[in-house]
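Got the viewer open? Let's take a walk through this model together, picking something to select at each stop.

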Amino acid sequence: MSDTWKSKETIRLVLSIVLLVIGIILLAAPQAAMVGIVILIGVVMLAYSVIAIFMNISKRSKGDDSSFVVPIVVLVVGILLLVFRDGVANVLLPVIIGIWAIVTGIMSLSDASALKHAGSPSWRVPTITGIAALVLGIIILIGIATTNVVGILLGVCLLIYGIISIVEWIVVATARKNI
């Protein structure tokens, strides 16, 4: 088993656990959680941009030709996220998560195909999780409504996806050991 695969799968497992926790939080307080996620992203972007601007100022004083374009764009986007957090929580965040679920579903189906071609009987689990992720991503993308509805829908989807993804990780990791 390659170190690259182990790293990729470890990151995938951690992200699955994080999504599971976010799903639980979204079910408990959907509107506040959606806005909270947007605020957190905005604050992280602001912190990054301020640090990057100061680093670039320092580099320029030493003769480096550092650009301020990216930090300033990130700063503006961070401010916009904080100012328009309710709109972003209602529209943009569900779209991003929906697209992410679709991409992840495609990746799971790719894993299933590789396992099936390798002769592993455990290809069915990533196939089911891949289809589930695709369906959930499509539901999220076309089911946009109020913040509460989206939050609850995202919470359910992330909860289910987190559980299924963790199970898939265990099955794929076990199957890879046997290949």
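Start with the largest cavity. Its lining is made up of 8 nonpolar residues, with no polar and no charged ones. To see it, select Ile97, Trp100, Ala101, Leu136, Ile140, Cys157, Leu158 and Tyr161, the residues that line this cavity. Now color by helix: H4, helix H5 (124-142) and H6 are the elements that each give two or more residues to this lining. How much space lies in the largest cavity? About 50 Å³. And the count of cavities of 30 Å³ or more comes to 1. One thing to keep in mind as you click around: this is a predicted model.

**Stop two: the largest pocket**

Keep Ile97, Trp100 and Leu158 selected, since they are among the residues lining the largest pocket. Now add the rest of that lining: Leu19, Ile22, Leu26, Ile37, Leu40, Ile41, Leu93 and Ile96. The volume here is about 230 Å³. Which classes of residue make up this lining? It has 11 nonpolar residues, and again no polar and no charged ones.

Next, show the helices around this pocket. Helix H1 (3-28), helix H2 (30-61) and helix H4 (85-117) each supply at least two of the lining residues. H4 has the largest share, with 4 residues.

**Stop three: the second largest pocket**

Leave Trp100 on, because you'll want it again. Trp100 is one of the residues lining the second largest pocket. Select its companions too: Lys8, Ile11, Arg12, Leu15, Ser16, Thr104, Met107, Tyr161 and Ser165. You met Tyr161 at the cavity as well. The elements that give two or more residues to this lining are H1, H4 and helix H6 (147-178). Which element gives the most? That's H1, with 5 residues.

The volume of this pocket is about 170 Å³. Try coloring the lining by class: you should find 5 nonpolar, 3 polar and 2 charged residues.

**Stop four: along H2**

Now select residues 30-61, which make up helix H2. H2 has 32 residues, and the distance from its first C-alpha to its last is 47 Å. That is close to the 46 Å expected at 1.5 Å a residue.

Which residues of H2 are buried? Click through Pro30, Ala33, Met34, Val35, Val38, Gly42, Ser49, Ala52, Ile53 and Asn56. Then step just past the end of H2 to glycine 63, which takes a positive phi of about 95°.

**Last stop: zoom out**

Clear your selections and show the whole chain as a cartoon. You'll be looking at 6 helices and 0 strands. Follow the chain from the N terminus and the elements run α-α-α-α-α-α. Turn the model around: along its principal axes, the C-alpha trace spans about 60 × 45 × 25 Å.

How many of the 179 residues count as buried? The share is 35%. Switch on the surface next. The accessible surface comes to about 10000 Å², and 76% of this belongs to carbon and sulfur atoms.

Finally, think about which parts of the chain touch. Among contacts with a separation of 6 or more, 75% are between residues 24 or more positions apart.

Terms used
Residues are numbered from 1 along each chain as its sequence is written. This is a predicted model: local features need pLDDT of at least 70, side-chain atom pairs count only at pLDDT 80 or more; totals for chains, interfaces and linings use all residues. Side-chain values use heavy atoms; hydrogens and water are left out. On a 1 Å grid over the protein atoms alone, a cavity is a set of points where a 1.4 Å probe fits but cannot get out, and a pocket is an open set with protein on both sides within 12 Å along at least five of seven lines; lining residues have an atom within 4 Å of a point. Grid points are joined across faces, edges and corners, and a volume is the space filled by probe spheres set on the points. Ala, Val, Leu, Ile, Met, Phe, Trp, Tyr, Cys and Pro count as nonpolar, Asp, Glu, Lys and Arg as charged, and the others, Gly among them, as polar. Buried means under 20% relative accessible area, exposed over 50%, partly exposed in between (1.4 Å probe, protein chains only). Contact means heavy atoms within 4.5 Å. Accessible areas come from the Shrake-Rupley method with a 1.4 Å probe; for residues, only the protein chains shown count as cover. The expected span of a helix is 1.5 Å times one less than its number of residues.
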